[in-house]
Structures are given as structure tokens and as C-alpha cells.
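User: I am new to reading protein models. Please take me through this one step by step, with the terms explained as we go.

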Amino acid sequence: MKIIKRADGISKFDQDFCKAQDVLREGFYRANVAPAQYWMNFLNFPHPRAHEFFLALDDDGSILGRIGASLTFSDAKVGHLGFFEAKDISTGKGLVETAIAYLKANGCVSVVGPVDFTTWFTYRFQESSEGES
């Protein structure tokens, strides 16, 4: 697994980030899949503080997960993790660790999540382990 960030300038990043939800969700969890344009609006949102988006890909470039990290609007020492989707626990852990490292490098001392920028947007978490521990 490799984790890339939007700032790396990979040409397919935006497209892959926007379709991650559609690729990764199965069964009941597909009920609230948002269209790609919804996610593109977030990627282009004029956030005033440091923020970055990450994708986890397997060796053949298939999407394994995504996450976003941003400093809050009101306090640059508080960060949000959001836009989270992961194929498995290992991918999720790698994405969360990468996003937290990014926030810490930008002065964050406290992390809240999941929050997609603010509570005006998605801020709930749903998990299905199906036998995984």
C-alpha cells in the first residue's frame, strides 16, 4: 500500500478521491453514496487554514481508502479528520496515522473526527467489522 497526497500533483488524484466512496462501499452502506461532484466541491473548497487530502492505493493503483485533514476554522491548534473511507483496518490505520502526522507538522495539538471541515457537513462515523478485530 502507498499513500499519496493531493499536493503531490498526481493527475488522477481528484478523480480517484471522488469515486472512492462508490468503489469502497458495499451493500447497505451504499445507500448514502454522494455523487462525484459533491466530493469535488470539497476538494476545491476555499479552506483558510492548512488542509490536505490523502489516498491509499495498492500496487496496481486500485483505491484502498481516503482521508482528509484540516486545521479548524476557529483554532489552528485543533485539527479535523474526515472524508474517511477504508477497505480494511490496516488501510484505515495507515491513513489516520498519515493525516495526524500532517496535522501535527502544521501545529495541531488536538484532533477531532470524523468531521468533513465543519459540522455543517458530514461528521458521523459508521463501521462494519464483519469478524475483523
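Analyst: Let's start with a term: a residue is buried under 20% relative accessible area, exposed over 50%, and partly exposed in between (1.4 Å probe, protein chains only). This is a predicted model, in which local features need pLDDT of at least 70 and side-chain atom pairs count only at pLDDT 80 or more, while totals for chains, interfaces and linings use all residues. Residues are numbered from 1 along each chain as its sequence is written, and side-chain values use heavy atoms, with hydrogens and water left out.

User: Is Glu52 buried or exposed?

Analyst: Glu52 is found in strand 2; a strand is a DSSP run of E with at least two residues, a helix is a run of H or I with at least four, and both are numbered from the N terminus. The relative accessible area of Glu52 is 8%. That is under the 20% limit, so Glu52 counts as buried.

User: Which residues is Glu52 in contact with, leaving aside its neighbours within four places in sequence?

Analyst: Contact means heavy atoms within 4.5 Å. One partner is Ile67, 15 residues apart from Glu52 in sequence, with 8.7 Å from C-alpha to C-alpha. The full list is Lys5, Arg6, Ala7, Ile67, Gly68, Ala69 and Tyr102.

User: How many of the residues of strand 2 are buried?

Analyst: Strand 2 covers residues 51-57. It is largely enclosed by the rest of the structure, because the buried residues number 6 of the 7.

User: In what order do the strands of the sheet lie?

Analyst: Strands of a sheet pair through backbone hydrogen bonds, either parallel or antiparallel. Two strands count as paired if DSSP finds at least two bridges between them. Here 5 strands form an open sheet with mixed pairing, in the order 1-2-3-4-5.

User: Which strands stand at the edges?

Analyst: An edge strand here has a single partner strand, so one side is left without a neighbour in the sheet. From one strand to the next, the twist averages 25°. The edge places belong to strand 1 and strand 5 (110-112).

User: How many bridges join strand 2 to strand 3?

Analyst: Look at strand 1 beside strand 2 to begin: these two pair in the antiparallel sense over 4 bridges, with Lys2 opposite Leu57 and Ile4 partnered with Leu55. On to strand 3, where Ser70 is the bridge partner of His51. Strand 2 and strand 3 also run antiparallel, and the number of bridges between them is 7.

User: Which residue takes a positive phi in the hairpin of strand 2 and strand 3?

Analyst: Most residues other than glycine have a negative phi, and most peptide bonds are trans. This hairpin has 5 residues between the strands. The residue with a positive phi, near 90°, is Gly61.

User: What is the phi of Phe83?

Analyst: Phe83 is found in strand 4 (residues 78-86). With 4% relative accessibility, Phe83 counts as buried. Although it is not a glycine, Phe83 has a positive phi of about 55°.

User: What angle does helix 1 make with strand 3?

Analyst: Axes are lines fitted to C-alpha atoms, for helices over the stretch in contact, and the angles run from 0 to 180 degrees between N-to-C directions. Helix 3 (residues 89-105) packs on the sheet, and its direction makes about 25° with that of strand 3. Helix 1 packs on the sheet too, touching strand 1, strand 2, strand 3 and strand 4, and its angle with strand 3 is about 115°.

User: How far apart are the end C-alpha atoms of helix 1?

Analyst: The expected span of a helix is 1.5 Å times one less than its number of residues. Helix 1 has 12 residues, so it should span 16 Å. The model agrees, since the end C-alpha atoms are apart by 16 Å.

User: Which residues of helix 1 are buried?

Analyst: Their cover includes strand 1, helix 2, strand 2, strand 3 and strand 4. The buried residues are Phe13, Asp16, Phe17, Cys18, Ala20, Gln21 and Leu24.

User: Which element supplies the largest share of the largest nonpolar core?

Analyst: A nonpolar core is a set of buried Ala, Val, Leu, Ile, Met, Phe, Trp, Tyr and Cys residues joined through side-chain atoms within 4.5 Å. The largest has 15 residues, and Phe13, Phe17, Trp39, Phe53, Leu55, Ile63 and Phe83 touch the most other members. Helix 1 (13-24), helix 2 (36-43) and strand 2 each supply at least two residues. The largest share, 5 residues, comes from helix 1.
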